[in-house]
Amino acid sequence: MEEKQEKKSPKSKVLIYGTSIFFVFLTGIFILNILAEKTEGSMRKQVGTLQEKKIYHEPLPKDNALINEQKKTAARKLQAEEKHKKVVYLTFDDGPSAASSSILAQLKKYNAKATFFYLEPNMETYSNIVIQAHKEGHSIGLHGVTHNVKKVYATTTSVVEEMDTTNEELEKIIDQKSMLIRTPYGSKPYMNEKSIKNVEKAGYLIWDWDIDSRDWYYQDKRYVKDTIKQLNSLKDRTPVILMHERQATAKQLSQLLDYLDKQGYEFKAINEYMEPVHF
Ligand SMILES: [Zn+2]
């Protein structure tokens, strides 16, 4: 018995050590596998984002470059002529909202086309309005995600990032992207040179305004009076009027439309071939 046990003992020790080493080996392989998968996953994700961005930032289709160049020349010629004609560009920021239906109905009544700079979360809530505005021939532009100065202008690429996210939402809804943007509170004073360069590199066109209706401030018919006053003192510029998709704005909108219509103004929507208006 003793002899047998003495003989068995080293054997079982070898067995225990062997099994332990084998398990450690297996565990090692298992961990290495997980790490490899993780790295590959994140790499795949990065490549995906880069590819998406590449397609995404193509401002105009390359195979159509000549036609687009011709369109651009034609649009800019027309734009120069408009300076001496009665044309007005109404622009509405911060929507869509509960006021959008009323705004769209009033515009329709005057056969007026306008431009809407939408916020991403609002588009998600009022996607039916986005579809309606697009179908009715209005232009859709992007206004960003957060509307928070500290976030929108946090870095030199944050404007582009917010507009990209907003554009993805727009594409989900109308199957089209827009290169027209209006940054919250306008391009000045928050955008620096590098930020503007990055926006241009991404293909976006920044549109400011030359008439601020101050509708958010007045919240009554005084904004109509103020807008008309500014319009009548605007020289050699095509009026691009800033308004907001608010109930108070909607309530007085027909007064403004009525005045402009009687004065013989044509209401047009901004397009991507035009020369953007800056401060
Ligand atoms: Zn805004």
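**Two cis prolines, two positive phi angles, one enclosed strand**

Proline 96 sits in the loop between strand S1 (87–95) and helix H3 (100–109). The model is a predicted one. The peptide bond that joins glycine 95 to proline 96 is cis, with omega at about -10 degrees. Glycine 95 falls within the span of strand S1, and proline 96 belongs to the loop that follows.

Stay with strand S1 for a moment. Aspartate 94 is part of this strand. Its phi is near 75 degrees, a positive value in a residue other than glycine. Is aspartate 94 buried or exposed? Aspartate 94 counts as buried because it has 21 C-beta neighbours inside 10 Å, and the cut-off for buried is 20 or more.

Now move to the second cis bond. This one joins lysine 188 and proline 189. Omega is about 5 degrees here. Proline 189 also has a loop setting, between strand S4 (180–181) and helix H8 (193–201).

A second positive phi turns up further along the chain. Glutamine 219 has phi near 55 degrees, and this residue is not glycine. Where does glutamine 219 lie? It is found in the loop between helix H9 (215–218) and helix H10 (222–232). Glutamine 219 has 15 C-beta neighbours inside 10 Å, so it counts as partly exposed. Aspartate 94, in contrast, counts as buried.

Next, the strands. Strand S3 covers residues 139–144. How many of its six residues are buried? Six of the six are, so strand S3 is largely enclosed by the rest of the structure. In a regular strand the side chains alternate between the two faces of the sheet.

Strand S3 has a partner. Strand S2 (residues 114–119) pairs with S3 in the parallel sense. Five bridges link the two. To place one of them in the viewer, find phenylalanine 116. Its bridge partner is isoleucine 140 in S3.

Finally, step back to the whole chain. The protein chain holds 11 helices and eight strands. It has 279 residues, and buried residues make up 30% of them. How far apart in sequence are the contacting residues? Take the contacts between residues at least 6 apart in sequence. Of these, 80% join residues at least 24 apart.

Note on methods
Residues are numbered from 1 along each chain as its sequence is written. This is a predicted model: local features need pLDDT of at least 70, side-chain atom pairs count only at pLDDT 80 or more; totals for chains, interfaces and linings use all residues. Helices (H or I, at least four residues) and strands (E, at least two) are DSSP runs, numbered from the N terminus. A residue is buried if 20 or more other C-beta atoms lie within 10 Å of its own, exposed if 12 or fewer, and partly exposed in between; C-beta atoms are placed from the backbone. Two residues are in contact if their C-beta atoms, placed from the backbone, lie within 7 Å. Two strands pair if DSSP finds at least two bridges between them.
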